[in-house]
Amino acid sequence: MKTTICSALVTAAFGLATSMANNALAADTLITASNMLDVRSGKMIANPQILVRDGRIVSVKQGANPTVDAQVQKIDLAGMTILPGLIDMHVHLDSDPTYGGYNTLQFGDRFWSILTVPHASRTLDAGFTTVRNVGADAWNDVGLRQAIEEGKIRGPRVVTAAYSFGATGGHCDSTFFPPSMNQQSPFNADNPEEGRKRVRELRKYGAQVIKICATGGVFSHNTEPGQQQMSLREMTAIAEEAHQWGLRVAAHAHGTSGIKDAIRAGIDTIEHASLIDDEGIALAKKHGAYLSMDIYNTDYTQSEGKKNGVLEDNLRKDREVADIQREGFKRAHAAGVKMVYGTDAGIYPHGDNAKQFATMVKYGMSPVQAIQAATINAAEALASKDVGAIEAGRFADIIAVKGDPSKDVRLLENVAVVIKSGEVVKSSK
């Protein structure tokens, strides 16, 4: 009797182990293509074989005619070039550029929450599998991230800043209304201790990166891009507090003095950096700060902004900084400053994120360097080993295009296949 029971248990255990092994094999996916761009070396690799398990890359090999178990799912991208899913380090998924100035007031608050859903979907279809949302109202980006992570809606991985904040009356405050309306940001910070508290409050409710406004801006009222609006002491306190909690900090900084004080304060990424001078470039290189310079979107703003309701004062500021910013980008890149890909999507249409690549090449980058800004450089700026490269251990976030994007970066404006966590989420090949 005991022998029979033991035999039955062994048989059951063997059957369970076999079933588990088969399930493991069934969960594996092999992705093959004609070529792969290695974003670390910038070299093209022929006949890549990417083995994926549970959404992550297990191995990266090279060779034609792979031999795999029959139960392994195969994604064959013959005739195509694959590269890592792209990363946009500066988006606003609850903003829509077709509504500008006071036109936004015709809608209720939750209208903008709902718009994050199609905006996220378009961004993913454009090949951007990770984005950093650097400022949203009403915790819109946090709710979006949670819905995507729960599989309720489709979209990229979203690194959330929640509310961006700065000085009372500054670019991150509410600046378009008279005193009788008493409109203000709930997160204004006017001294170092208020800044520390804002970091703690925002982290508590879902901020994964802290975004501050060090200077005035283009799309606010009664601020100028060159105006510094947070002191070195305030920004230093914010950076120290955020780093203590393991968070990185992004600073909206158009103006020359604000850029330099943000770098001195230990801010990790400088957004826009429109009026950066040679001293600011040297400081960025010395301190290892990343520049995220949105050098394409002015083309959209100047052509479409007026009919969208953008006020002339905002269009004026955009015109004044555009060419200066682009020349600053060129000088900073030539000096060897670390650069990441940030578009300010939401100022121009979501889903058009890749249009900036060609502008970056026009102002001094090679196509490979522009792609690196949106992959491995961006991942390093995020302190992430999960995204940004096709390497073992990272998420299997992969895109495919027809042709060689290391020679023609505009190919990235028409991504044919998007794979997120090893699953095809878009295919138009």
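The lining of the second largest pocket is a mix of 11 nonpolar, 4 polar and 7 charged residues. Here Ala, Val, Leu, Ile, Met, Phe, Trp, Tyr, Cys and Pro count as nonpolar, Asp, Glu, Lys and Arg as charged, and the others, Gly among them, as polar.

A quick word on the source: this is a predicted model, where local features need pLDDT of at least 70, side-chain atom pairs count only at pLDDT 80 or more, and totals for chains, interfaces and linings use all residues. Residues are numbered from 1 along each chain as its sequence is written, and side-chain values use heavy atoms, with hydrogens and water left out.

**The pocket**

Back to that pocket: its volume is about 410 Å³. Among its 22 lining residues, T130, V159, Q208, L382 and S384 sit closest to the centre. A pocket is an open set of points on a 1 Å grid over the protein atoms alone, with protein on both sides within 12 Å along at least five of seven lines, and lining residues have an atom within 4 Å of a point. Grid points are joined across faces, edges and corners, and the volume is the space filled by probe spheres set on them. At least two lining residues come from each of β7 (128-133), α3 (140-149) and β8 (157-160). Helices (H or I, at least four residues) and strands (E, at least two) are DSSP runs numbered from the N terminus.

**The cores**

Which residues have the most contacts inside the largest nonpolar core? They are I210, L291 and F357, in a core of 73 residues. Helix α5 (residues 232-244) gives the most to this core, with 4 residues. Apart from it there's another core of 17 residues, including A33, I57, I75 and M80. A nonpolar core joins buried Ala, Val, Leu, Ile, Met, Phe, Trp, Tyr and Cys residues through side-chain atoms within 4.5 Å. Buried means under 20% relative accessible area, exposed over 50%, and partly exposed in between (1.4 Å probe, protein chains only).

Leaving out residues up to four places away in sequence, I210 touches F165, V199, L202, I238, A242, L247, R248, V249 and A250. Contact means heavy atoms within 4.5 Å.

**Two odd backbone angles**

Most residues other than glycine have a negative phi. N222 and S421 have positive values:

| Residue | Phi | Loop between | Relative accessibility |
|---|---|---|---|
| N222 | near 65 degrees | β10 (209-213) and α5 | 63%, exposed |
| S421 | about 55 degrees | β16 (417-420) and β17 (423-427) | 26%, partly exposed |

Key. 1 Å grid on protein atoms, 1.4 Å probe; cavity = no way out; pocket = protein on both sides within 12 Å on 5 of 7 lines; lining within 4 Å.
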